[in-house]
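Visitor: I should like a close look at a single part of this predicted model. Please describe how the helices of that part pack, and then place it beside the strands.

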Amino acid sequence: MTRRFFVPPAFLLVALLPACGGQNKTAPEPVPAATQPQGSASQSQDAAPLAKASVTIYFPSTAGDTLAAETREIVDTKRPADRGAQILAALLDGPRTEGALPAVPPGTTLRQLWVRDDGNAYADFSEELLGGATGGSADEILTVYAIVDSLTENVPAIRRVGILVGGRERATFGHLDLSRPLPPDLTLAATAKATE
Amino acid sequence: MKTLRPLVFAFAIGTAAFAADPIPVKVSTDTSGASTRVVLTFAKKVACAVVEDAGHVKIVCDAAIAPDPGSGTPDDAILKSFGPEGDRTIVLSTGRGYRRVDTFELKNPTRLVVDLQGTRTAKAAPAPAAPQKSLPVIVLDPGHGGVEVGALGPAGLQEKDLTLDLARRLKVLLERQGVTVVLTRDEDRVLPLDDRTAIANHNRAILFISIHLNASKRKSAIGAETYFLATAATDAEARTLAGLENKAYESPDTAAAASSTTPPDHGLELILWDLAQNSFLVESSKLAEAIQAELNTATGVRDRGVRQAPFRVLMGATMPALLIEAGFISNPEEEARFKDDAYKDKVAEAIARAVASITARP
């Protein structure tokens, strides 16, 4: 009984883009792609060493259909978009333990990340994200939730994550509904956390 | 209006929201089937909601409409009469035989189909003569198709071929249980995910099963798993959004807002689509358990269990809906099994046994 009616799927993006210019209060300025912030300049002006924070990054586990956790250190910036960009940079950099697999295909970069006041973040990746997929839902689920769970776990301001590719919204990569931000799937994270 | 059960239907931005002239709507009725069908053909796109009220089913649009009653009132036990109420609402006055309403929409031209389900006592006598019509429908959805091959096995097995093969085998078995089986595709072609769900809704299926084969970069991954929908939105959140959206329709700025900053209608549409399956999650999970148990017994391969994920193809299904990942064709051992007819039959039989629990009628 619940049906769709005439709403173009590209709606979100159309609606989102004007917000990217910072005109909208709910859309803080995007963080440039995949840059490890050289320091949270907007937060601290002094020359003292920047505080570090320990974060948990999720990768597909080699052991099964779960996410394996690895620990990383990032600059302890409080601005959600800065923090999120560092998290994703670590995710794209790949795993460092035997028990984890890359979450995204080689060459994938983060184009932009927006974090909105409503708890939704939108991560826009390069086209490489779609390359090299096996076509199975198992890998798709782990790739998507490695991104979603890593962001939501470490950035309190992010509760849901929308994934875009090449600046475009995708309804799906083949199986999962990606037409709107996803909440984390807490069942996928393996309980034992691997360390660096 | 006292809303007993608001039927979350068809919310969308109508470009007609600003139109000064009423939008012509042709209303036709058909009482030849088991249900009484009312088809509203709109001259322009318009957003409508279907609301069930005591003794009435109301179709409320967000723009002025001008209904053309066509051939007139059917006056049967399910639908007594219909007519306009105000300039935006069509009221269907239901009769004693009325039980519930189902709706779906069609495009080109824009049509809203309202099926009033119920019984016509006057026509009860000839019912035994047409048992075929009352057979429940199960919709099977062979995953992928056409250029979307899906997963690929190391020895060349393609997911799209195997899903269709399994669906055809399962169709034969299920039809022996006294149901009509509709395949979303019975050939090698591309079919969008939303169309697959729509086919199940259109056929008023009692069950929707999407059949897939999995693949993983981990070659050791093996075994079957059964999914039902993980809904991202809680009912409470959805209701809140629905309330906001209804208010938005009262604002003449709605369409302008749609093209500027915020996407309220987009979010609403998806959450309502999502909610359609919410009503069936308990049934879906029970059936998923039954299917998974049968698959484990039949195949003897690793039990990967019943899982939940936000699969696009399950959203919007107005019946119990499942997605079966019958095995990993990226695993050479499992791929080899799926080249064997006897094994494919075994998998289809396992699913059919589990489904029998809901097709068995007293």
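**Helix packing and strand pairing**

Guide: In this predicted model, helix α2 (residues 80–93) of chain A packs with helix α3 (residues 137–154) of chain A at an angle of about 140 degrees, the axes lying 10 Å apart. Angles over 145 degrees count as roughly antiparallel; α2(A) and α3(A) are therefore oblique to each other. The crossing in which α2(A) passes α3(A) is right-handed.

The contact is formed by Arg83(A), Gly84(A), Ile87(A) and Leu91(A) on the side of α2(A), which meet Ala146(A), Ile147(A), Ser150(A), Leu151(A) and Asn154(A) of α3(A). Sorted by class, this contact comprises 5 nonpolar, 3 polar and 1 charged residues.

Also in chain A, strand β2 (residues 52–60) and strand β3 (residues 67–75) pair in the antiparallel sense over 9 bridges. A hairpin of 6 residues joins β2(A) to β3(A). Within this pairing, Val55(A) has Arg72(A) of β3(A) as its bridge partner.

Chain B offers a further view of strands and a helix. There, an open sheet of 6 strands runs in the order β12-β11-β13-β16-β14-β15, with mixed pairing. Its edge strands, β12 (180–183) and β15 (303–309) of chain B, each pair on one side only. From one strand to the next, the twist averages 20 degrees. Helix α6 (residues 281–299) of chain B packs on this sheet and touches β14 (224–229), β15 and β16 of chain B, and its direction makes about 175 degrees with that of β14(B).

Strand β13 (residues 207–214) of chain B merits separate attention. With strand β11 (residues 137–142) of chain B, β13(B) pairs in the parallel sense over 5 bridges. Here Val139(B) has Phe208(B) of β13(B) as its bridge partner, and Pro142(B) stands opposite Ile211(B). With strand β16 (residues 321–328) of chain B, β13(B) again pairs in the parallel sense, over 6 bridges; His212(B) stands opposite Glu325(B) of β16(B).

β13(B) is mostly covered, with 8 of its 8 residues buried. Leu207(B), Ile209(B), Ile211(B) and Leu213(B) point one way from the strand, while Phe208(B), Ser210(B), His212(B) and Asn214(B) point the other way, and all are buried. Thus Phe208(B), the bridge partner of Val139(B), and His212(B), opposite Glu325(B), both belong to the set that includes Ser210(B) and Asn214(B).

Conventions: Residues numbered from 1 in each chain as written. Chains lettered and ligands numbered in written order. Predicted model: local features only at pLDDT ≥ 70, side-chain atom pairs only at ≥ 80, totals over all residues. Buried ≥ 20, exposed ≤ 12 C-beta atoms within 10 Å, placed from the backbone. Helix = DSSP H or I, 4+ residues; strand = E, 2+ residues; numbered from the N terminus. Pairing = 2+ DSSP bridges. Axes fitted to C-alpha atoms, helices over the stretch in contact; angles between N-to-C directions. Contact = placed C-beta atoms within 7 Å. Parallel < 35°, antiparallel > 145°, perpendicular 65-115°, else oblique. Left-handed = near helix turned anticlockwise from the far one by under 90°. Nonpolar A, V, L, I, M, F, W, Y, C, P; charged D, E, K, R; others polar.
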